Amino acid sequence: MPYTDAQKRATAKYNAKAYDRIEIKVKKGQKEIIQKRAELLNKSVNGYITDLIEEDLAGSDLAEYAEANSESI
């Protein structure tokens, strides 16, 4: 069954409500390296990057704040 326009709109509406977006820029060639590393870890690029951020925040002074303001950190 094809992905309908209504499903696309519903998904976009949910994503806008549930997620913040962050765009990052990396030097030419880094994207491919990041993608390969994520693949080796059986993660998406987004999952790989968010896991790294969560790991870093867990050891910081912001850990309590992050925990109080996020379901996954």
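The paragraphs below lead through the salt bridges, the aromatic pair and a surface patch of this structure, which is a predicted model.

Side chains of opposite charge can pair when their charged atoms come close. In this model, a search of the whole structure finds four salt bridges, and three of them are taken up here in turn, beginning in helix α1. There, aspartate 5 forms a salt bridge with lysine 8, with the closest N and O atoms 3.9 Å apart, a distance that still qualifies because the cut-off is 4 Å. The two residues are three positions apart in helix α1, so that about one helical turn separates aspartate 5 from lysine 8. Lysine 8 has a relative accessibility of 43% and therefore counts as partly exposed.

In helix α2, a salt bridge joins the side chains of lysine 36 and glutamate 32, at 3.1 Å from N to O. Because lysine 36 and glutamate 32 are four residues apart in helix α2, they too are separated by about one helical turn. Lysine 36 is partly exposed, with a relative accessible area of 48%, and glutamate 32 is likewise partly exposed, at 46%.

Another salt bridge brings together the side chains of lysine 25 and glutamate 23, again at 3.1 Å from N to O. Lysine 25 reaches 71% relative accessibility and so counts as exposed, while glutamate 23, at 66%, is also exposed.

Attention now turns from charged to nonpolar side chains. Ile22, Ile24 and Val26 form a nonpolar patch on the surface, and together they have about 320 Å² of accessible area. Of these residues, valine 26 is placed in the loop between α1 (5-18) and α2 (30-40). Its relative accessibility of 41% makes valine 26 partly exposed, and this value is compatible with membership of the patch because patches are made of residues with over 30% relative accessible area and no salt bridge.

The aromatic side chains remain to be considered. A pair of aromatic rings is described by the distance of the centres and the angle of the planes. When ring centres within 6.5 Å are taken as a pair, the count comes to one aromatic pair. The pair consists of tyrosine 14 and tyrosine 19, whose ring centres are 6.1 Å apart and whose planes stand at 80°, so the arrangement is edge-to-face. Tyrosine 19 has a relative accessibility of 51% and therefore counts as exposed, since the boundary for that class is over 50%.

Note on methods. Residues are numbered from 1 along each chain as its sequence is written. This is a predicted model: local features need pLDDT of at least 70, side-chain atom pairs count only at pLDDT 80 or more; totals for chains, interfaces and linings use all residues. Side-chain values use heavy atoms; hydrogens and water are left out. Patches are made of residues with over 30% relative accessible area and no salt bridge: like charges are joined within 9 Å, nonpolar side chains (Val, Leu, Ile, Met, Phe, Trp, Tyr) within 5 Å. Accessible areas come from the Shrake-Rupley method with a 1.4 Å probe; for residues, only the protein chains shown count as cover. Buried means under 20% relative accessible area, exposed over 50%, partly exposed in between (1.4 Å probe, protein chains only). Rings of Phe, Tyr and Trp (its six-membered ring) pair if their centres lie within 6.5 Å; planes under 30 degrees apart count as stacked, over 60 as edge-to-face and the rest as tilted.
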